[in-house]
Amino acid sequence: MIVCIAMIVCFTGCGKKNTTQYIRYEKLDDGTYCVKELTDAGKDASEITVPSEYEGIKVTAIGRGAFQDSHNLKTVHIADSVTSILENAFLHCSGLEHVNLSEDTIEVIGANAFEGTKWQSNILADKGIVIVGSIYVNGKQVSGEYTIPDNVKIIAAEAFKDNKNITKIVIPEGVKTLGVYSFSSCENLESVDIPESLEKIGYGAFSYCSNLSIVIPKTVKNVDNDAFLDIKELEYQEG
């Protein structure tokens, strides 16, 4: 693992160079860079840009907890090169109101990535759900019988976790992945319609849904451990 520090360089009127270090990066296995964390100066900043490149190499991810607890941060600009925002990336960034990113390029959003931010709270207050591109991020306020909107392909990790108010979920054709713990501990969830497009059910996805009876289509090929731990009834279609 290689950790690097990004420097923003400015020049004062007297000709002296002033450098401020905001972001530390680490090299990923594929050779691209990931935002590892902010420096102390970065945590004091109100606006930060995650660039498309560092040292001529693509920045493709924002790492686990990279911006966590940066209470002064109000605006973040995320380059189109970034495809993954991992768990807790902006957790408890209480002042964060503006997140500028390309919804067309984001492929992964981890659990609690924007939990405790004004940005997410404002979206939930307005729409009741959070969807970024084709990723369903937060559905913890929905209730009763609920149908996932069309064009969603991924249910993010913990998207519905601990929602005690949903009783039935209809997952439409096109959804391919259910993230880890995506519906865990939805105690009153009784049924889920699973589409044939679904390919992967993540670890613990329906764990502790004690009233759930579910049928898994034969098209689902990848089911992680404890996906159905402590549910009421499970059936796999033959074939």
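A salt bridge is a side-chain nitrogen of Lys or Arg within 4 Å of a carboxyl oxygen of Asp or Glu. By this criterion, the structure, which is a predicted model, holds six salt bridges.

One of these bridges joins arginine 64 to glutamate 87, whose closest N and O atoms are 2.8 Å apart. Arginine 64 belongs to the loop between β6 (57-62) and β7 (75-78), whereas glutamate 87 belongs to the loop between β8 and β9, so the pair ties together parts that are 23 residues apart in sequence. The C-alpha atoms of the two residues are separated by 5.1 Å. Arginine 64 counts as exposed because its relative accessibility is 60%, a value over the 50% limit that defines this class. Glutamate 87, at 29%, counts as partly exposed.

The surroundings of glutamate 87 were examined further. The loop that contains this residue runs between β8 (84-85) and β9 (98-100). When residues up to four places away in sequence are not counted, glutamate 87 touches Gly63, Arg64, Gly65, Gly110 and Ala111. Asparagine 88 is placed in the loop between β8 and β9 as well, and with a relative accessible area of 26% this residue is partly exposed. The contacts of asparagine 88, again without residues up to four places away, are Gly65, Ala66, Gln68, Ala111, Asn112 and Ala113. The C-alpha atom of asparagine 88 is separated by 6.9 Å from that of phenylalanine 114, and the two residues are 26 positions apart along the chain. Serine 84, by comparison, is located in strand β8. Serine 84 is classed as buried because its relative accessible area is 16%, and buried means under 20%. Leaving aside neighbours within four places in sequence, serine 84 is in contact with Thr60, Ala61, Ile62 and Val108.

Further salt bridges were identified elsewhere in the chain. The side chains of aspartate 224 and lysine 200 meet at an N to O distance of 3.0 Å. This pair links distant parts of the chain, with aspartate 224 in the loop between β20 (222-223) and β21 and lysine 200 in strand β18 (residues 200-201), 24 residues apart. Aspartate 224 is partly exposed at 25% relative accessibility, and lysine 200 is partly exposed at 27%. Salt bridges that share partners also join Lys161, Asp162 and Lys164 into one network. Within this network, the closest N and O atoms of lysine 161 and aspartate 162 are 3.2 Å apart. Lysine 161 has a relative accessible area of 22% and is partly exposed; aspartate 162, at 38%, is also partly exposed.

A nonpolar patch was found on the surface, where Val223, Leu234 and Tyr236 make up about 240 Å². Leucine 234 is part of strand β21 (residues 233-236) and counts as partly exposed, with 37% relative accessibility.

For the chain as a whole, two helices and 21 strands were assigned. The C-alpha trace spans about 75 × 35 × 30 Å along its principal axes. The protein chain has 239 residues, of which 44% count as buried. The exposed area is about 11900 Å², and carbon and sulfur atoms supply 43% of this area. Among contacts with a separation of 6 or more, 30% are accounted for by residues 24 or more positions apart. The chain carries 21 positive and 34 negative charges, and the mean positions of the two sets are 5 Å apart.

Conventions:
Residues numbered from 1 in each chain as written. Predicted model: local features only at pLDDT ≥ 70, side-chain atom pairs only at ≥ 80, totals over all residues. Heavy atoms only, no water. Patch = residues over 30% accessible without salt bridge, like charges linked within 9 Å, V, L, I, M, F, W, Y side chains within 5 Å. Areas by Shrake-Rupley, 256 points an atom, 1.4 Å probe, with all protein chains shown as cover. Helix = DSSP H or I, 4+ residues; strand = E, 2+ residues; numbered from the N terminus. Buried < 20%, exposed > 50% of the residue type's maximum accessible area, 1.4 Å probe, protein only. Contact = heavy atoms within 4.5 Å. Lys, Arg positive; Asp, Glu negative; His and termini not counted. Charge placed at Lys NZ, Arg CZ, Asp CG, Glu CD.
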